[in-house]
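User: Please take a close look at how the aromatic rings are packed here. Then work outwards from them to the surroundings.

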Amino acid sequence: MPRFTLILLAGCALALAGCNPTYNWRESRWPGAQLLAMFPCKPDHGSRRMSLAGQDAEIQMMGCETGADLFAIAHVQLDDPGRIAMAQSQWQSAMLGNMQAQSTQTLPFQLKGASELLPPFRLSALGRRQDGRAVGAQALWFARGPHLYHAVIYADAITQDVADTFFSGIELQ
């Protein structure tokens, strides 16, 4: 076999080894909420009712699992935009309580079109799953008008590259 062919085959093998079939990123549009997001797998849709800021609210969710990682975005529309911060605080407390979070860190996040009522921020947390195994979470909270959004990744280990791809793929339109 000519030397060039061997080099070409070796290069192709290295390129394919760098591909990760676990993450197959694709755009997903949120029905009726003016949101576009990138998911590493085909998201399913669902909803549930939850009491937030003194209001019984229906939370719409879109999410998927790939490997052992869960990616989700949830959305709720409140009757009173002035209750966004209270609703976010209650929702965040419920999330951290459910995962028995032992440590958290928050950082500001830039998201074009997000409301100043709740400046967007990213939260990182370490905790435990229901079965006692360790779990990490990275979450993004933001609002627009009466709409409150929560994007989250739950995984054994979350790489910065995967988290940045997921959160930077969120666009308000």
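Analyst: Phe-142 and Tyr-149 are both buried (under 20% relative accessible area; exposed is over 50%, partly exposed in between; 1.4 Å probe, protein chains only). This is a predicted model, in which local features need pLDDT of at least 70 and side-chain atom pairs pLDDT 80 or more, while totals for chains, interfaces and linings use all residues. Numbering starts from 1 along each chain as its sequence is written, and side-chain values use heavy atoms, without hydrogens or water.

Start with the rings. The whole structure holds eight aromatic pairs (Phe, Tyr or six-membered Trp rings with centres within 6.5 Å; stacked under 30 degrees between planes, edge-to-face over 60, tilted for the rest). One of them joins Trp-91 and Trp-141, edge-to-face, at 5.3 Å centre to centre and 75° between the planes. This pair bridges distant parts of the chain: Trp-91 sits in helix α2 and Trp-141 in strand β8, 50 residues apart (helices are DSSP runs of H or I, at least four residues; strands are runs of E, at least two; both are numbered from the N terminus). Trp-91 counts as buried at 5% relative accessibility. Trp-141 does too, at 0%. Phe-142 and Tyr-149 have ring centres 4.8 Å apart and planes at 10°, so they are stacked. Ring pairs also build a cluster, linking Tyr-23, Trp-25, Phe-39, Phe-71, Phe-166 and Phe-167.

Now the helix that carries Trp-91. α2 covers residues 84-98, 15 residues in total, and reaches 21 Å from first C-alpha to last, close to the expected 21 Å (1.5 Å times one less than the number of residues). Its buried residues are Ile-84, Ala-87, Gln-88, Trp-91, Gln-92, Met-95 and Leu-96. Seen down the helix axis, they fall within an arc of 160° (taken from the directions to the C-beta atoms), so they line one face of α2. An α-helix has 3.6 residues a turn, so residues three or four places apart point the same way.

The chain then changes course in its backbone angles. Gln-100, just after α2, takes a positive phi of about 50°. Gln-100 belongs to the loop between α2 and β6 (103-108). Its relative accessible area of 41% makes Gln-100 partly exposed. Ala-53 is another non-glycine residue with positive phi, near 55°. It lies in the loop between β3 and β4. At 1% relative accessibility, Ala-53 counts as buried.

Next, the packing around Trp-91. The largest nonpolar core (buried Ala, Val, Leu, Ile, Met, Phe, Trp, Tyr and Cys joined through side-chain atoms within 4.5 Å) has 27 residues. Val-76, Trp-91, Met-95, Met-99 and Leu-148 touch the most other members. Two or more residues each come from β3 (44-52), β4 (55-66), β5 (69-77), α2, β7 (121-128), β8 (134-144) and β9 (147-155). Leu-148 contacts (heavy atoms within 4.5 Å) Ala-74, His-75, Val-76, Ile-84, Ala-87, Gln-88, Trp-91, Leu-118, Phe-142 and Ala-143, leaving aside residues up to four places away in sequence. Apart from this core lies another one of 23 residues, including Ile-73, Phe-142, Phe-167 and Leu-172.

Phe-166 and Phe-167 lead to helix α3 (160-168). Its buried residues are Val-162, Ala-163, Phe-166 and Phe-167. They span an arc of only 120° around the axis, which puts them on the same side of α3. The face turned away from that side carries the exposed residues Asp-161 and Ser-168. Cover for the buried residues of α3 includes β2 (35-39), β5, β7, β8 and β9.

Phe-71 and Tyr-23, of the ring cluster, also touch Thr-66, as do Thr-22, Pro-40 and Cys-41, again not counting residues up to four places away. Thr-66 is in strand β4 and is buried, at 9% relative accessibility.

Last, the whole protein. It has three helices and ten strands. From the N terminus, they run α-β-β-β-β-β-α-β-β-β-β-α-β. Of its 173 residues, 41% are buried. Among contacts with a separation of 6 or more, 52% join residues 24 or more positions apart. The exposed area is about 9,700 Å² (Shrake-Rupley method, 1.4 Å probe), with 54% of it from carbon and sulfur atoms.
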